[in-house]
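Biologist: I am new to this one, so could you walk me through it at an easy pace?

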Amino acid sequence: MSEKKADFIDFNRPVIVGKEMQYIADAVATGKISGDGVYTKKVHALLEHQLDVPRALLTTSCTHALEMSAILLDIQPGDEVIIPDFTFVSTVNAFVLRGAKPVFIDVRPDTLNLDETRLEDLITPKTKAIVPVHYAGVGCEMDTIMEIARRHNVAVVEDNAHGLFAKYREKNLGSFGAMATQSFHETKNFSSGEGGALLINEPRYIERAEIIREKGTNRSRFFRGQVDKYTWVDIGSSYLPSDILAAYLYGQLEQREKIQSHRQHLWERYNSDLKDWAYAHEVQMPFVPAHAEQAYHMFYMLLPTLELRQGLIAHLRERNIQAVFHYLPLNLSDMGRSFGGQPGGCPVTERISDQLVRLPFHNVLSDSDQDRVIESILEFDF
Ligand SMILES: Cc1ncc(COP(=O)(O)O)c(C=O)c1O
(Lines give C-alpha, C1' and ligand atoms only; values in the text may rest on other atoms or scores of the structure.)
Protein backbone atom coordinates (compact mmCIF):
# COMPACT_ATOMS: atom_id res chain seq x y z
CA MET A 1 0.00 0.00 0.00
CA SER A 2 1.40 3.41 -0.89
CA GLU A 3 1.89 5.76 2.06
CA LYS A 4 -0.26 8.86 2.18
CA LYS A 5 1.72 12.10 2.36
CA ALA A 6 1.56 13.82 5.75
CA ASP A 7 -0.31 16.78 4.30
CA PHE A 8 -2.90 14.62 2.50
CA ILE A 9 -6.45 15.91 2.95
CA ASP A 10 -8.92 13.04 2.97
CA PHE A 11 -12.38 13.33 1.54
CA ASN A 12 -13.69 11.65 4.68
CA ARG A 13 -12.16 10.58 7.97
CA PRO A 14 -13.79 8.54 10.75
CA VAL A 15 -13.11 10.03 14.17
CA ILE A 16 -13.95 9.58 17.81
CA VAL A 17 -15.88 12.65 18.93
CA GLY A 18 -17.07 11.73 22.42
CA LYS A 19 -17.39 8.72 24.71
CA GLU A 20 -17.57 6.02 22.01
CA MET A 21 -14.77 3.84 23.47
CA GLN A 22 -16.02 4.18 27.05
CA TYR A 23 -19.51 3.12 25.92
CA ILE A 24 -18.13 0.11 24.04
CA ALA A 25 -16.31 -1.02 27.21
CA ASP A 26 -19.50 -0.45 29.16
CA ALA A 27 -21.54 -2.48 26.67
CA VAL A 28 -19.12 -5.39 27.07
CA ALA A 29 -19.31 -5.05 30.85
CA THR A 30 -23.11 -5.46 30.72
CA GLY A 31 -22.49 -9.02 29.55
CA LYS A 32 -24.61 -8.65 26.40
CA ILE A 33 -23.10 -7.47 23.14
CA SER A 34 -25.54 -9.05 20.71
CA GLY A 35 -28.42 -6.98 19.32
CA ASP A 36 -31.01 -4.96 21.25
CA GLY A 37 -28.82 -4.41 24.31
CA VAL A 38 -28.64 -1.35 26.54
CA TYR A 39 -27.07 0.94 23.92
CA THR A 40 -29.38 -0.12 21.10
CA LYS A 41 -32.29 0.88 23.33
CA LYS A 42 -30.64 4.21 24.13
CA VAL A 43 -30.20 4.95 20.41
CA HIS A 44 -33.80 3.94 19.70
CA ALA A 45 -35.06 6.28 22.40
CA LEU A 46 -32.84 9.13 21.22
CA LEU A 47 -33.99 8.82 17.61
CA GLU A 48 -37.66 8.44 18.54
CA HIS A 49 -37.50 11.47 20.82
CA GLN A 50 -35.42 13.75 18.60
CA LEU A 51 -37.27 12.94 15.39
CA ASP A 52 -40.70 12.51 16.94
CA VAL A 53 -41.28 9.15 15.25
CA PRO A 54 -43.26 6.30 16.87
CA ARG A 55 -40.54 3.64 16.40
CA ALA A 56 -36.88 3.53 15.46
CA LEU A 57 -35.09 0.23 14.93
CA LEU A 58 -31.34 0.06 14.45
CA THR A 59 -30.26 -2.08 11.50
CA THR A 60 -26.97 -3.31 10.15
CA SER A 61 -27.12 -0.75 7.31
CA CYS A 62 -29.41 1.62 5.47
CA THR A 63 -29.43 -1.00 2.71
CA HIS A 64 -30.95 -3.49 5.16
CA ALA A 65 -33.47 -0.94 6.44
CA LEU A 66 -34.56 -0.45 2.80
CA GLU A 67 -34.82 -4.24 2.38
CA MET A 68 -36.99 -4.39 5.49
CA SER A 69 -39.23 -1.64 4.10
CA ALA A 70 -39.74 -3.62 0.87
CA ILE A 71 -40.73 -6.72 2.88
CA LEU A 72 -43.04 -4.66 5.12
CA LEU A 73 -44.82 -3.19 2.10
CA ASP A 74 -45.25 -6.72 0.79
CA ILE A 75 -43.67 -5.85 -2.55
CA GLN A 76 -44.41 -8.61 -5.07
CA PRO A 77 -42.98 -9.48 -8.50
CA GLY A 78 -44.34 -7.04 -11.06
CA ASP A 79 -45.07 -4.23 -8.57
CA GLU A 80 -43.66 -0.88 -9.64
CA VAL A 81 -41.61 1.34 -7.35
CA ILE A 82 -40.69 4.92 -8.28
CA ILE A 83 -37.08 5.73 -7.46
CA PRO A 84 -34.87 8.69 -8.37
CA ASP A 85 -32.38 7.92 -11.09
CA PHE A 86 -29.74 9.77 -9.10
CA THR A 87 -29.16 7.68 -5.99
CA PHE A 88 -27.11 4.88 -4.49
CA VAL A 89 -27.85 1.36 -5.78
CA SER A 90 -29.33 0.20 -2.47
CA THR A 91 -32.37 2.47 -2.89
CA VAL A 92 -33.42 0.46 -5.91
CA ASN A 93 -31.82 -2.92 -5.23
CA ALA A 94 -33.81 -3.44 -2.01
CA PHE A 95 -37.06 -3.40 -4.01
CA VAL A 96 -35.73 -5.33 -6.99
CA LEU A 97 -34.74 -8.10 -4.55
CA ARG A 98 -38.48 -8.58 -3.91
CA GLY A 99 -39.21 -8.70 -7.65
CA ALA A 100 -40.26 -5.08 -8.15
CA LYS A 101 -39.83 -3.23 -11.42
CA PRO A 102 -38.01 0.05 -10.79
CA VAL A 103 -39.44 3.14 -12.48
CA PHE A 104 -36.75 5.80 -12.57
CA ILE A 105 -37.75 9.41 -12.05
CA ASP A 106 -35.45 12.25 -13.01
CA VAL A 107 -34.23 14.82 -10.46
CA ARG A 108 -34.67 18.58 -10.21
CA PRO A 109 -31.73 20.55 -11.61
CA ASP A 110 -31.56 22.77 -8.49
CA THR A 111 -31.66 20.45 -5.45
CA LEU A 112 -30.92 17.18 -7.32
CA ASN A 113 -33.93 15.74 -5.49
CA LEU A 114 -36.67 13.71 -7.17
CA ASP A 115 -38.60 16.05 -9.52
CA GLU A 116 -42.06 15.99 -7.99
CA THR A 117 -43.59 17.61 -11.10
CA ARG A 118 -42.87 14.37 -13.03
CA LEU A 119 -44.30 12.07 -10.37
CA GLU A 120 -47.95 11.85 -11.28
CA ASP A 121 -47.23 10.81 -14.90
CA LEU A 122 -45.23 7.79 -13.68
CA ILE A 123 -47.91 6.36 -11.40
CA THR A 124 -49.79 3.35 -12.75
CA PRO A 125 -52.20 0.86 -11.12
CA LYS A 126 -49.10 -1.28 -10.38
CA THR A 127 -47.26 1.45 -8.42
CA LYS A 128 -46.72 0.26 -4.84
CA ALA A 129 -44.22 2.78 -3.48
CA ILE A 130 -42.38 6.05 -4.03
CA VAL A 131 -38.90 6.35 -2.54
CA PRO A 132 -37.75 9.96 -2.28
CA VAL A 133 -34.06 10.41 -1.44
CA HIS A 134 -33.28 13.62 0.45
CA TYR A 135 -30.12 14.27 -1.50
CA ALA A 136 -27.30 15.90 0.50
CA GLY A 137 -29.73 16.09 3.42
CA VAL A 138 -31.92 18.73 1.76
CA GLY A 139 -35.58 17.76 1.92
CA CYS A 140 -37.55 16.74 -1.17
CA GLU A 141 -40.82 18.60 -1.80
CA MET A 142 -42.68 16.43 0.68
CA ASP A 143 -45.98 18.33 0.66
CA THR A 144 -46.47 17.58 -3.04
CA ILE A 145 -45.08 14.05 -2.86
CA MET A 146 -47.27 13.06 0.11
CA GLU A 147 -50.37 14.58 -1.48
CA ILE A 148 -49.86 12.64 -4.72
CA ALA A 149 -49.06 9.43 -2.81
CA ARG A 150 -52.20 9.75 -0.67
CA ARG A 151 -54.42 10.42 -3.67
CA HIS A 152 -53.13 7.28 -5.43
CA ASN A 153 -52.90 5.19 -2.26
CA VAL A 154 -49.18 4.55 -2.74
CA ALA A 155 -46.74 4.15 0.18
CA VAL A 156 -43.81 6.52 0.66
CA VAL A 157 -40.45 5.30 2.01
CA GLU A 158 -38.01 8.14 2.61
CA ASP A 159 -34.40 7.20 1.94
CA ASN A 160 -32.94 9.61 4.47
CA ALA A 161 -29.40 8.21 4.38
CA HIS A 162 -28.04 11.77 4.09
CA GLY A 163 -30.56 13.73 6.09
CA LEU A 164 -30.58 12.86 9.79
CA PHE A 165 -31.77 15.89 11.85
CA ALA A 166 -32.70 17.94 8.77
CA LYS A 167 -36.17 19.42 8.33
CA TYR A 168 -38.65 20.24 5.60
CA ARG A 169 -41.03 23.04 6.60
CA GLU A 170 -40.02 22.54 10.23
CA LYS A 171 -40.87 18.83 10.24
CA ASN A 172 -38.08 16.25 10.60
CA LEU A 173 -37.00 14.37 7.51
CA GLY A 174 -37.80 10.72 8.11
CA SER A 175 -41.16 11.54 9.72
CA PHE A 176 -43.21 11.94 6.52
CA GLY A 177 -43.41 8.53 4.84
CA ALA A 178 -44.95 5.31 6.13
CA MET A 179 -41.32 4.60 7.01
CA ALA A 180 -37.85 6.01 6.45
CA THR A 181 -34.30 4.72 6.43
CA GLN A 182 -31.08 6.15 7.91
CA SER A 183 -27.44 5.30 7.30
CA PHE A 184 -24.61 5.24 9.83
CA HIS A 185 -21.99 4.23 7.28
CA GLU A 186 -18.55 5.71 7.91
CA THR A 187 -19.12 8.54 5.41
CA LYS A 188 -22.20 9.86 7.21
CA ASN A 189 -22.38 12.67 9.80
CA PHE A 190 -22.86 10.06 12.56
CA SER A 191 -21.36 6.66 12.11
CA SER A 192 -20.83 3.19 13.50
CA GLY A 193 -18.68 2.12 10.55
CA GLU A 194 -21.57 0.23 9.01
CA GLY A 195 -25.07 0.75 10.34
CA GLY A 196 -28.53 2.07 9.70
CA ALA A 197 -32.01 2.47 11.10
CA LEU A 198 -35.58 1.98 10.03
CA LEU A 199 -37.96 4.68 11.26
CA ILE A 200 -41.59 3.62 11.31
CA ASN A 201 -44.28 6.28 11.22
CA GLU A 202 -47.32 4.12 10.57
CA PRO A 203 -47.79 2.08 13.76
CA ARG A 204 -49.43 -0.83 11.89
CA TYR A 205 -45.96 -1.78 10.56
CA ILE A 206 -44.16 -1.82 13.93
CA GLU A 207 -44.83 -5.34 15.16
CA ARG A 208 -44.04 -6.97 11.83
CA ALA A 209 -40.86 -4.88 11.51
CA GLU A 210 -39.62 -6.28 14.83
CA ILE A 211 -40.27 -9.81 13.55
CA ILE A 212 -38.57 -9.30 10.18
CA ARG A 213 -35.54 -7.79 11.92
CA GLU A 214 -35.28 -10.86 14.22
CA LYS A 215 -35.05 -13.61 11.56
CA GLY A 216 -38.81 -13.87 11.21
CA THR A 217 -39.34 -14.73 14.88
CA ASN A 218 -41.44 -13.09 17.59
CA ARG A 219 -38.40 -12.84 19.84
CA SER A 220 -39.06 -9.16 20.69
CA ARG A 221 -42.47 -10.08 22.10
CA PHE A 222 -40.80 -12.90 24.06
CA PHE A 223 -38.26 -10.48 25.61
CA ARG A 224 -41.12 -8.17 26.56
CA GLY A 225 -42.86 -11.11 28.26
CA GLN A 226 -45.80 -11.02 25.85
CA VAL A 227 -45.38 -14.67 24.78
CA ASP A 228 -43.80 -17.52 26.75
CA LYS A 229 -41.68 -18.87 23.89
CA TYR A 230 -40.59 -17.48 20.59
CA THR A 231 -40.94 -19.13 17.24
CA TRP A 232 -40.81 -18.68 13.47
CA VAL A 233 -43.80 -16.56 12.42
CA ASP A 234 -42.82 -14.73 9.19
CA ILE A 235 -39.99 -14.22 6.72
CA GLY A 236 -37.06 -12.15 7.93
CA SER A 237 -33.33 -11.96 8.39
CA SER A 238 -30.72 -10.86 10.90
CA TYR A 239 -31.02 -7.11 10.53
CA LEU A 240 -30.03 -6.05 14.05
CA PRO A 241 -26.51 -4.79 14.83
CA SER A 242 -24.32 -5.73 17.77
CA ASP A 243 -24.67 -3.54 20.85
CA ILE A 244 -20.96 -2.73 20.42
CA LEU A 245 -21.86 -0.78 17.28
CA ALA A 246 -24.84 0.82 18.99
CA ALA A 247 -22.54 1.92 21.86
CA TYR A 248 -20.15 3.56 19.40
CA LEU A 249 -23.05 5.22 17.60
CA TYR A 250 -24.59 6.48 20.83
CA GLY A 251 -21.28 8.19 21.64
CA GLN A 252 -21.47 9.93 18.26
CA LEU A 253 -25.15 10.88 18.47
CA GLU A 254 -24.62 12.41 21.92
CA GLN A 255 -22.28 14.88 20.25
CA ARG A 256 -24.82 15.84 17.59
CA GLU A 257 -24.80 19.56 18.33
CA LYS A 258 -21.02 19.78 18.18
CA ILE A 259 -20.86 17.69 15.00
CA GLN A 260 -23.63 19.56 13.22
CA SER A 261 -22.31 22.99 14.14
CA HIS A 262 -18.83 22.11 12.87
CA ARG A 263 -20.28 20.79 9.61
CA GLN A 264 -22.42 23.89 9.22
CA HIS A 265 -19.31 26.03 9.73
CA LEU A 266 -17.44 24.08 7.03
CA TRP A 267 -20.37 24.18 4.62
CA GLU A 268 -20.81 27.93 5.01
CA ARG A 269 -17.10 28.60 4.49
CA TYR A 270 -17.02 26.59 1.27
CA ASN A 271 -20.17 28.33 0.12
CA SER A 272 -19.02 31.87 0.82
CA ASP A 273 -15.38 31.50 -0.22
CA LEU A 274 -16.09 29.70 -3.50
CA LYS A 275 -19.15 31.58 -4.67
CA ASP A 276 -17.43 34.32 -6.72
CA TRP A 277 -15.12 31.80 -8.40
CA ALA A 278 -18.15 29.59 -9.10
CA TYR A 279 -20.12 32.46 -10.59
CA ALA A 280 -17.21 33.50 -12.82
CA HIS A 281 -16.74 29.93 -14.08
CA GLU A 282 -20.38 28.92 -14.43
CA VAL A 283 -20.06 26.37 -11.67
CA GLN A 284 -23.35 25.55 -9.95
CA MET A 285 -23.32 25.70 -6.16
CA PRO A 286 -25.68 23.71 -3.94
CA PHE A 287 -29.19 25.08 -3.60
CA VAL A 288 -31.06 24.91 -0.31
CA PRO A 289 -34.65 26.20 -0.48
CA ALA A 290 -35.63 28.67 2.27
CA HIS A 291 -38.10 26.16 3.73
CA ALA A 292 -35.43 23.43 4.08
CA GLU A 293 -33.14 23.08 7.09
CA GLN A 294 -30.36 20.94 5.69
CA ALA A 295 -28.28 18.23 7.41
CA TYR A 296 -24.86 19.56 6.29
CA HIS A 297 -24.03 16.14 4.99
CA MET A 298 -21.85 17.13 2.03
CA PHE A 299 -20.57 19.97 -0.07
CA TYR A 300 -20.84 19.43 -3.80
CA MET A 301 -20.50 21.60 -6.92
CA LEU A 302 -21.47 21.05 -10.54
CA LEU A 303 -18.69 21.86 -13.03
CA PRO A 304 -19.75 22.89 -16.55
CA THR A 305 -18.49 19.64 -18.18
CA LEU A 306 -17.22 16.14 -17.43
CA GLU A 307 -13.71 17.13 -18.60
CA LEU A 308 -13.62 20.08 -16.19
CA ARG A 309 -14.95 17.93 -13.34
CA GLN A 310 -12.26 15.32 -13.96
CA GLY A 311 -9.73 18.13 -14.37
CA LEU A 312 -10.60 19.61 -10.98
CA ILE A 313 -10.36 16.21 -9.25
CA ALA A 314 -6.91 15.66 -10.85
CA HIS A 315 -5.82 19.23 -9.98
CA LEU A 316 -6.73 18.63 -6.32
CA ARG A 317 -5.11 15.19 -6.29
CA GLU A 318 -1.82 16.77 -7.44
CA ARG A 319 -2.09 18.96 -4.34
CA ASN A 320 -2.75 15.94 -2.07
CA ILE A 321 -6.45 16.66 -1.75
CA GLN A 322 -9.03 13.95 -2.29
CA ALA A 323 -12.26 14.99 -4.01
CA VAL A 324 -14.77 12.45 -5.32
CA PHE A 325 -17.89 12.13 -7.41
CA HIS A 326 -20.81 9.74 -7.18
CA TYR A 327 -23.94 8.16 -8.58
CA LEU A 328 -23.87 7.08 -12.16
CA PRO A 329 -27.41 7.22 -13.61
CA LEU A 330 -29.15 4.04 -12.50
CA ASN A 331 -31.22 3.79 -15.68
CA LEU A 332 -28.01 3.47 -17.74
CA SER A 333 -26.38 0.83 -15.51
CA ASP A 334 -26.41 -2.80 -16.69
CA MET A 335 -29.27 -3.57 -14.34
CA GLY A 336 -31.11 -0.35 -15.20
CA ARG A 337 -30.91 -1.18 -18.91
CA SER A 338 -32.31 -4.63 -18.21
CA PHE A 339 -35.41 -2.81 -16.94
CA GLY A 340 -35.64 -0.73 -20.12
CA GLY A 341 -33.40 2.21 -19.18
CA GLN A 342 -31.88 4.07 -22.11
CA PRO A 343 -29.98 7.30 -22.81
CA GLY A 344 -32.20 10.34 -22.57
CA GLY A 345 -34.54 8.65 -20.09
CA CYS A 346 -33.51 10.94 -17.22
CA PRO A 347 -31.64 13.84 -18.86
CA VAL A 348 -30.96 15.90 -15.74
CA THR A 349 -29.39 12.93 -13.92
CA GLU A 350 -27.38 12.01 -17.00
CA ARG A 351 -25.97 15.56 -17.13
CA ILE A 352 -25.29 16.26 -13.46
CA SER A 353 -23.78 12.85 -12.85
CA ASP A 354 -20.92 13.95 -15.15
CA GLN A 355 -20.59 17.35 -13.50
CA LEU A 356 -20.74 16.70 -9.77
CA VAL A 357 -17.74 16.84 -7.46
CA ARG A 358 -17.77 16.43 -3.67
CA LEU A 359 -15.17 18.28 -1.61
CA PRO A 360 -13.44 17.01 1.55
CA PHE A 361 -16.04 17.22 4.32
CA HIS A 362 -15.80 15.52 7.69
CA ASN A 363 -16.06 16.00 11.42
CA VAL A 364 -12.43 16.97 12.03
CA LEU A 365 -11.62 18.90 8.87
CA SER A 366 -9.68 21.91 10.18
CA ASP A 367 -9.98 25.50 8.97
CA SER A 368 -6.39 25.41 7.73
CA ASP A 369 -6.95 22.24 5.69
CA GLN A 370 -10.18 23.67 4.35
CA ASP A 371 -8.31 26.88 3.42
CA ARG A 372 -5.90 24.74 1.39
CA VAL A 373 -8.80 23.08 -0.45
CA ILE A 374 -10.39 26.47 -1.16
CA GLU A 375 -7.12 28.08 -2.31
CA SER A 376 -6.42 25.12 -4.59
CA ILE A 377 -9.85 25.41 -6.19
CA LEU A 378 -9.43 29.16 -6.70
CA GLU A 379 -6.22 28.35 -8.64
CA PHE A 380 -8.19 26.12 -11.00
CA ASP A 381 -8.79 28.51 -13.85
CA PHE A 382 -10.48 27.73 -17.14
C1 LIG B 1 -28.98 7.65 -0.72
C2 LIG B 1 -28.37 6.43 -0.11
N3 LIG B 1 -29.18 5.41 0.23
C4 LIG B 1 -28.69 4.28 0.80
C5 LIG B 1 -27.35 4.14 1.05
C6 LIG B 1 -26.86 2.85 1.65
O7 LIG B 1 -26.39 3.07 2.95
P8 LIG B 1 -25.61 1.90 3.74
O9 LIG B 1 -24.19 1.98 3.31
O10 LIG B 1 -25.80 2.29 5.20
O11 LIG B 1 -26.27 0.63 3.42
C12 LIG B 1 -26.47 5.17 0.71
C13 LIG B 1 -25.03 5.00 0.97
O14 LIG B 1 -24.25 5.88 1.00
C15 LIG B 1 -26.99 6.34 0.12
O16 LIG B 1 -26.18 7.35 -0.25
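Modeller: We can go through the ligand site, the cores, a few helices and some single residues in turn. Please keep in mind that this is a predicted model.

Biologist: Let's start with the ligand, then: how many residues surround it, and which are the closest?

Modeller: There are 16 residues around the ligand, and the closest are T63, D159, S183, K188 and Y327.

Biologist: What do the side chains of D159, K188 and Y327 reach on the ligand?

Modeller: D159 has an N or O atom in its side chain that is 2.7 Å from a nitrogen atom of the ligand. K188 places a polar side-chain atom 2.7 Å from an oxygen atom of the ligand, and Y327 has a polar side-chain atom lying 2.6 Å from an oxygen atom of the ligand.

Biologist: And how much of the ligand does the protein bury?

Modeller: The ligand taken alone exposes 390 Å², and 92% of that is buried by the protein.

Biologist: Switching to the inside of the protein, which residues touch the most other members in the largest nonpolar core?

Modeller: That core has 34 residues, and those touching the most other members are L73, V81, F95, M179 and L198. Two or more residues each are given to this core by α3 (62-72), β2 (80-84), α4 (89-96), β5 (155-159), β9 (196-200) and α7 (206-213). The largest share comes from α3, which supplies 7 residues.

Biologist: Is there another core, and what is in it?

Modeller: Another core, of 27 residues, lies apart from the largest one, and L164, A197, Y248 and I259 are among its members.

Biologist: Going back to L73, what is it in contact with, leaving aside its neighbours within four places in sequence?

Modeller: With those neighbours left aside, L73 is in contact with K128, A129, A155, V157, M179 and Y205.

Biologist: You listed Y248 in the other core, so which residues are buried in its helix, α9?

Modeller: Helix α9 is mostly covered, with 9 of its 12 residues buried, and these are D243, A246, A247, Y248, L249, Y250, G251, Q252 and L253. The buried residues of α9 pack against α1 (20-29), α2 (38-51), β1 (55-59) and α10 (256-280).

Biologist: What span should α9 have, and how does that fit the model?

Modeller: At 1.5 Å a residue, the 12 residues of α9 (residues 243-254) should span 16 Å, and this agrees with the model because the end C-alpha atoms are 16 Å apart. At the start of this helix, a side-chain oxygen of S242 comes to within 2.9 Å of the backbone nitrogen of I244.

Biologist: α2 came up there as a packing partner; what does H44 touch in that helix's surroundings?

Modeller: H44 lies in α2, and it counts as buried because its relative accessibility is 6%, where buried means under 20%. Not counting residues up to four places away in sequence, H44 touches D36, R55, A56, L57, L58 and R213. A polar atom of the H44 side chain also lies 2.8 Å from the backbone nitrogen of L58.

Biologist: What about T127, buried or exposed?

Modeller: T127, which is found in strand β4 (residues 127-130), counts as buried at 6% relative accessibility. A polar atom of its side chain lies 2.8 Å from the backbone nitrogen of T124. Residues up to four places away in sequence aside, T127 touches E80, I82, L122 and V154.

Biologist: How far is I82 from E318?

Modeller: The two are 236 residues apart in sequence and 41 Å apart in space, C-alpha to C-alpha. E318 lies in helix α11 and counts as exposed at 64% relative accessibility.

Biologist: Last topic: which residues other than glycine have a positive phi?

Modeller: Among them are K215, with phi near 60°, and N320, with phi near 65°. K215 sits in the loop between α7 and α8 (219-223) and is partly exposed at 35% relative accessibility. N320 is in the loop between α11 and α12 (334-338), and N320 is buried, with a relative accessible area of 14%.

Notes. Residues are numbered from 1 along each chain as its sequence is written. This is a predicted model: local features need pLDDT of at least 70, side-chain atom pairs count only at pLDDT 80 or more; totals for chains, interfaces and linings use all residues. Side-chain values use heavy atoms; hydrogens and water are left out. Helices (H or I, at least four residues) and strands (E, at least two) are DSSP runs, numbered from the N terminus. The expected span of a helix is 1.5 Å times one less than its number of residues. Buried means under 20% relative accessible area, exposed over 50%, partly exposed in between (1.4 Å probe, protein chains only). Contact means heavy atoms within 4.5 Å. A polar contact is a pair of N or O atoms within 3.5 Å; within protein, one must be able to donate a hydrogen and the other to accept it, and residues adjacent in sequence count only if both atoms are side-chain atoms. A residue is near a molecule or strand if one of its heavy atoms lies within 4 Å of it. Accessible areas come from the Shrake-Rupley method with a 1.4 Å probe; for residues, only the protein chains shown count as cover. A nonpolar core is a set of buried Ala, Val, Leu, Ile, Met, Phe, Trp, Tyr and Cys residues joined through side-chain atoms within 4.5 Å.
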